[in-house]
Amino acid sequence: MKYRLLFVCLGNICRSPSAENIMNHLVEQRELCDTISCDSAGTANYHMGSPPDRRMAASLKKRGFSDHGKARQFTPWDFRNFDLILVMDRSNLEDVLAYDPRGEYTEKVKLLCEFAKYHSLQEVPDPYYGGPDGFEKVVDLLQDACAGLLEYLQQCGRIK
Ligand code: 4NP
């Protein structure tokens, strides 16, 4: 059984699909495809079915990452279907935890930035209404946090 990661943001067209593509890249690079699987979702339904935002896709491609994705909304089933749910900001955290009023899955939900080694930001900033710089910064931060997450999963024995 693979270890299943779900990345969550608001729209599922900028931050979380980027995290998914970046993590998949690291997983392939380290030959961990049989060990880890990744998906992403948004807490909102505004962009359901859409591919990643064009500006986000451009920043990903510039660094050699793929830009796959088709936006979907987070559902409470995701608590059972994934081992770890990584949210981009505190608002996502609150929205996801609102689907779990009994607190059964609190331990499965974490801020992705907790795993960044070289960035001290605690949230992945929403780039949607900002300029191109914001998208570049998201990729920088996600590369750091995804690498840190992978290292954490290996060190704590969640994956071999
Ligand atoms: P994401 O970015 O949560 O990183 O996908 C956003 C995408 C769309 C909107 C906001 C943030 N929106 O307001 O439509």
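## Ligand site

The ligand occupies the space that forms the largest pocket. The structure described here is a predicted model.

Twelve positions need to be considered around the ligand: Cys 9, Leu 10, Gly 11, Asn 12, Ile 13, Cys 14 and Arg 15, together with Tyr 46, His 47, Asp 126, Tyr 128 and Tyr 129. By class, this shell comprises 7 nonpolar, 3 polar and 2 charged residues.

## Polar contacts and burial

Oxygen atoms of the ligand take part in contacts with both backbone and side-chain atoms of the protein. A polar side-chain atom of Arg 15 is placed 2.7 Å from a ligand oxygen. At Ile 13, a polar backbone atom lies 3.0 Å from an oxygen of the ligand, and at Tyr 129 a polar side-chain atom lies 3.2 Å from a ligand oxygen. Of the 350 Å² that the ligand exposes when taken alone, the protein buries 94%.

## Aromatic pairs

Across the whole structure, 5 aromatic pairs are found. One of them joins Phe 74 and Tyr 99: the ring centres are 5.5 Å apart and the planes meet at 50°, so the pair is classed as tilted.

Phe 74 belongs to the loop between helix 2 (54–62) and helix 3 (78–81), whereas Tyr 99 belongs to the loop between helix 4 (90–97) and strand 4 (109–111); the pair therefore ties together parts that are 25 residues apart in sequence.

Notes
Residues are numbered from 1 along each chain as its sequence is written. This is a predicted model: local features need pLDDT of at least 70, side-chain atom pairs count only at pLDDT 80 or more; totals for chains, interfaces and linings use all residues. Side-chain values use heavy atoms; hydrogens and water are left out. A residue is near a molecule or strand if one of its heavy atoms lies within 4 Å of it. A polar contact is a pair of N or O atoms within 3.5 Å; within protein, one must be able to donate a hydrogen and the other to accept it, and residues adjacent in sequence count only if both atoms are side-chain atoms. Accessible areas come from the Shrake-Rupley method with a 1.4 Å probe; for residues, only the protein chains shown count as cover. On a 1 Å grid over the protein atoms alone, a cavity is a set of points where a 1.4 Å probe fits but cannot get out, and a pocket is an open set with protein on both sides within 12 Å along at least five of seven lines; lining residues have an atom within 4 Å of a point. A molecule sits in a cavity or pocket if more than half of its atoms lie within 2 Å of its grid points. Ala, Val, Leu, Ile, Met, Phe, Trp, Tyr, Cys and Pro count as nonpolar, Asp, Glu, Lys and Arg as charged, and the others, Gly among them, as polar. Rings of Phe, Tyr and Trp (its six-membered ring) pair if their centres lie within 6.5 Å; planes under 30 degrees apart count as stacked, over 60 as edge-to-face and the rest as tilted. Helices (H or I, at least four residues) and strands (E, at least two) are DSSP runs, numbered from the N terminus.
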